[in-house]
Every structure is written in C-alpha cells, then in structure tokens.
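Me: Before the terms are applied, please show the sequence and the structure. I should then like to ask how each label is justified.

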Amino acid sequence: MGSIFRTLAAQRKRRWVVKMAVSETSDRLSAFMRSGIYRFPSCNAVFIDPVRVLNLSYSRFSVSPSIYYSRFFESKHGDQESRFSSKSKKRKRKEKQTHALNQRERLADERHQEARPFLLKAHESLMEATDLLSAVCNLKNDVCSLTENEDSLQRVEQSFVELGRVWQAPLYEITLHFHQHCKPSGDGSSSLIQYKEERVIPIFNNLVVNETSDDVEAEFLNGRYVIPRESCFYMSDLRQIHELIPAESDCGFNLIVVDPPWENKSASQKLVYSTLPNRYFLSLPIKKLTHTEGALVALWVTNREKLRGFVEKELFPAWGVRYLTTLYWLKVKSDGSLISDLDLFHHRPYECLLIGYCHGEGRNSEYQSRWKLLQGNQVIISIPGDYSRKPPIGELLMEYVPELKPARCIELFAREMLAGWISWGNDPLHFQDSRYFTCTREKV
C-alpha cells in the first residue's frame with residue numbers, strides 16, 4: 001500500500017514540475033512579447049527582437065518589422081540568401097586549402113575557440129525554445145507590408161554626410177511638428193484649447209531636442225523623419241564633438257555606446273557609410289563626457305585581430321577606459337539557424353561588444369566596486385537588420401550603469417535614435433526616415 005502512495009506522490013510531483021516549467025516558459029514568452037527580450041534560463045544568453053525594443057520609444061509610430069527584417073524574411077531576397085549560403089560554402093571549401101595561419105590569425109582563432117563553447121550553448125538554447133522560435137517566425141507579419149512601402153523605399157535617400165560638408169550646411173534647417181494636444185484655456189474656464197507647435201531650427205552642428213513625451217514628426221528638404229520622445233541628436237563631424245562635453249562633470253553621461261565606422265573593405269565596396277582610420281578615434285573625449293559617478297562604455301568592434309589589439313593597447317588607454325568583459329552578438333535567420341557557419345574564418349556569424357569602465361573626475365578605480373558586477377561572455381542573439389545596424393542593447397546594459405537614475409545615455413556615431421538618449425554622429429537620422437515606420441494610431 002505504501003508503495004502505491006509513493007508512486008502517486010511521485011506522479012503528482014512530476015505533474016507539478018511539468019506545470020511549473022510550462023508556466024515559466026509562458027511567463028518568459030509573455031515578457032518577451034512586452035519587452036522584446038527573451039532570457040534563456042539555462043545559459044547566459046538573451047534573444048532580442050530589435051523591433052519590439054525600438055517600439056518602446058514610440059507611441060504614435062512603430063518600426064516596421066517587414067522592412068527591418070527584409071533581408072531575412074522577404075521572399076524576393078530568398079535567392080540572395082541562397083547565393084550567400086553557396087558563396088559561404090565555397091569560401092569554406094577554400095579555407096581548408098589555405099596557407100598556415102599567421103600570428104594575428106592564430107590570435108584571432110584563439111579568441112574564437114574561447115568563445116565557441118558558450119556561443120554554441122546559446123544557439124542550442126535558442127533552437128530548444130520552440131515557443132520563442134514560433135514567435136520569431138511571425139515577426140514578419142506586419143500590419144503594413146513591404147509592398148505598401150515600395151514607393152517610399154524607392155525614394156532617393158538624403159545624404160546627411162555629404163550635405164554636412166558643403167558650405168551651405170549652417171543654412172540647412174529642420175522643421176519639427178509637435179503633435180496636436182490640449183491644454184487648459186488661459187481665462188480660467190474648464191475648456192481645453194487644442195494647439196500644434198512647429199519649430200524651425202538648424203539641423204547641423206546644433207542640438208535638436210524633443211523634450212516632450214510624444215513622438216515628433218520632422219521635415220527636412222523632401223524627407224520626413226520620426227523623432228522619439230525625450231530624445232535629441234547632434235549632427236556633426238568629429239571636429240564638433242567637443243560641443244557635447246558638459247560644463248560640469250555631474251551633468252555627464254554614465255552609459256556611453258560607441259559604434260565607430262571602422263575601416264573595412266565591405267563597407268567601402270558597398271558604399272554603405274564613410275569609414276575613418278583608427279587613429280581618428282583616439283581623439284574621442286570619452287573621459288570628458290563621463291559623469292562624476294563614472295560611466296559604462298560599450299564599444300562595437302569587428303573580429304579583426306589587428307583592431308582588437310589597437311583597442312586594448314591604444315584606444316581604451318587613450319580614453320581612460322578599463323576593460324571589463326566582452327559580450328557577443330550572434331546573428332541568426334528567421335528559423336533560428338546561423339547566418340553563416342560558426343567556424344567560417346573571415347565571416348564569423350557574430351560581432352563583439354567590448355565593455356569597459358571609465359571613472360569620473362575625482363574618483364579612483366576602486367569606486368567601481370560599488371557597481372553591479374557585469375556577467376562576462378554574455379551572448380545576445382537576434383536577426384540582423386540593415387547592413388551594420390546594431391541591435392538596441394541599452395536596456396540590457398542599463399542595470400549595470402552607476403547609481404545615477406535616470407541614467408544619462410549617449411551613443412556616438414549613431415545612425416538611429418532612442419527615447420531618453422542623445423545620438424551624435426554625421427548620420428543620426430538614417431533609420432529615423434519615415435519609410436522605416438508605420439503609423440499606429442490616427443493622428444488628431
């Protein structure tokens with residue numbers, strides 16, 4: 001009789017464990033649908049839906065998933081993907097016959113071999129999360145399909161980089177159309193007055209601010225742009241970045257994300273953006289931009305060993321940044337498969353985000369011990385968007401920044417904007433073009 005009760009108790013326990021596991025999985029998926037971030041319980045990895053994360057910055061507009069993910073979802077790109085895959089295989093076959101690795105290549109391979117186990121573990125966790133994969137496959141189901149935006153996509157894109165170089169640059173102005181809303185009438189009555197504000201201000205070498213809690217539509221020449229709430233941008237070249245240095249260090253930034261236009265053949269061949277020699281980045285005033293309480297600095301880099309050596313030996317020391325750890329961005333397709341073979345030497349399916357700490361004026365390196373410890377070797381998985389467009393990782397880093405709340409955040413060499421951030425670069429409105437958005441509700 002006792003054995004029967006033990007058997008029944010064991011069965012109830014198994015059912016309870018299964019029920020709890022299902023509940024936890026459901027909770028993780030629900031959290032993902034709200035935040036765009038899915039945290040895997042079995043490893044130090046997260047999956048990000050950049051569109052959901054970006055859309056937290058907007059109220060009347062939404063980033064269009066069908067456009068953001070067009071490289072990996074749209075059927076008309078299927079042939080391109082197939083060609084890419086076949087080329088990857090050809091490259092892989094050639095790799096087997098290449099000469100012995102030189103010193104830099106050996107160092108790069110050593111880094112790869114160190115990262116490989118947790119990259120594989122993260123990818124395995126993704127492939128086991130069937131609920132998440134089902135949701136990922138539906139990311140392309142946008143209310144506004146790509147075909148509906150073909151006219152706007154065919155429009156010639158503004159080249160802010162070129163316009164910023166001409167002598168007329170100081171004369172160019174952008175018009176901000178603030179959303180129509182209501183305010184109490186001035187005569188003391190209970191009636192509300194509807195009004196719409198419009199500002200015309202210089203677009204180059206000037207801080208353009210949307211201090212409101214709503215999206216703002218902007219016009220420049222023949223283009224329309226969407227500016228997220230409580231955000232601002234400063235469009236200039238490297239010579240004007242000193243204009244962002246605060247007068248007092250307690251007005252500085254405690255989260256600094258840097259995505260430099262590193263020199264690389266691919267960007268030059270595709271004419272996607274202008275690149276700069278490495279030495280130019282030594283002059284970035286990271287220390288002067290840092291808040292008194294210190295700053296977490298996140299730097300995007302490629303897998304080139306020469307570049308990693310430059311950052312470790314020259315760039316971080318010049319900035320006054322102490323290296324902490326490396327995060328990895330693993331790129332996958334809509335079915336969860338990697339965009340290329342993990343071991344493909346010159347075309348790894350991941351990029352690195354180097355994390356460092358810059359202590360503020362009057363603080364020493366021991367002050368950093370008060371910070372929350374950042375877990376190393378974290379893997380961020382997502383489906384890539386346009387060429388060189390990075391996933392929004394600010395929310396993941398926010399819990400590790402110094403105690404100042406709300407955090408003061410800035411992105412250098414930005415190509416898009418986020419609510420609550422300052423975006424600096426020579427092309428910060430690139431992905432703010434209205435063709436990348438859909439309107440979520442009727443304008444009043």
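**Labels and their cut-offs**

Me: Are Asp433 and Arg435 buried or exposed?

Reply: Asp433 is buried, and Arg435 is likewise buried. The term is a matter of relative accessible area: buried means under 20%, exposed over 50%, and partly exposed in between, with a 1.4 Å probe and protein chains only.

Me: What makes the contact between the side chains of Asp433 and Arg435 a salt bridge?

Reply: The distance from N to O in this pair is 3.9 Å. A salt bridge requires a side-chain nitrogen of Lys or Arg within 4 Å of a carboxyl oxygen of Asp or Glu, so the label applies. Side chains of opposite charge can pair when their charged atoms come close.

Me: Which residues are joined into one network by salt bridges that share partners?

Reply: The network consists of Arg60, Asp214, Glu217, Glu219 and Arg224. Within it, the side chains of Arg224 and Glu219 meet at 3.5 Å, N to O. Arg224 has a relative accessible area of 34% and is therefore called partly exposed. Glu219, at 30%, is also partly exposed. In total, the structure holds 18 salt bridges.

Me: On what kind of model do these statements rest?

Reply: This is a predicted model, in which local features need pLDDT of at least 70 and side-chain atom pairs count only at pLDDT 80 or more, while totals for chains, interfaces and linings use all residues. Residues are numbered from 1 along each chain as its sequence is written, and side-chain values use heavy atoms, with hydrogens and water left out.

Me: How far apart are the closest N and O atoms of Glu416 and Arg389?

Reply: They are 2.7 Å apart, and the two residues form a salt bridge. Glu416 lies in the loop between strands S17 (409-412) and S18 (421-425), and Arg389 in the loop between strand S16 (379-382) and helix H13 (394-398), so the pair ties together parts that are 27 residues apart in sequence. Both Glu416 and Arg389 are buried.

Me: How many helices and strands are there in the chain?

Reply: The chain has 13 helices and 19 strands. These are DSSP runs numbered from the N terminus: helices are H or I runs of at least four residues, and strands are E runs of at least two. Of the 444 residues in the chain, 48% are buried.

Me: Why is Tyr357 called buried?

Reply: Its relative accessible area is 1%, so Tyr357 falls under the cut-off for buried. Tyr357 belongs to strand S15 (residues 350-358). Its C-alpha lies 5.1 Å from that of Arg322, although the two are 35 residues apart in sequence.

Me: Why does Lys331 count as buried?

Reply: Lys331 has 13% relative accessibility and therefore also meets the definition. It is found in strand S14 (residues 322-331). With residues up to four places away in sequence not counted, Lys331 touches Leu338, Ile339, Pro349, Glu351, Ser382 and Pro384; touching is contact, meaning heavy atoms within 4.5 Å.

Me: Which residues gather in the patch of positive charge on the surface?

Reply: They are Arg104, Arg304, Lys306 and Lys313. Patches are made of residues with over 30% relative accessible area and no salt bridge, like charges being joined within 9 Å and nonpolar side chains (Val, Leu, Ile, Met, Phe, Trp, Tyr) within 5 Å. Arg104, at 48% relative accessibility, therefore passes the area cut-off and counts as partly exposed. Arg104 lies in helix H6 (residues 103-128). Arg104 and Arg304 are 200 residues apart along the chain, yet their C-alpha atoms are separated by 8.6 Å. Arg104 also touches Glu305 and Lys306, residues up to four places away in sequence not being counted.

Me: What is notable about phi of Asn205?

Reply: Phi of Asn205 is near 50°, a positive value in a residue other than glycine. Asn205 is in the loop between strand S7 (198-202) and strand S8 (207-210). Its relative accessible area is 40%, so Asn205 is partly exposed. Glu230 likewise has a positive phi, near 45°, and is in the loop between strand S10 (223-227) and strand S11 (231-235).

How values were computed
Accessible areas come from the Shrake-Rupley method with a 1.4 Å probe; for residues, only the protein chains shown count as cover. Lys and Arg count as positive and Asp and Glu as negative; His and the chain ends are not counted. The place of a charge is taken as NZ of Lys, CZ of Arg, CG of Asp or CD of Glu.
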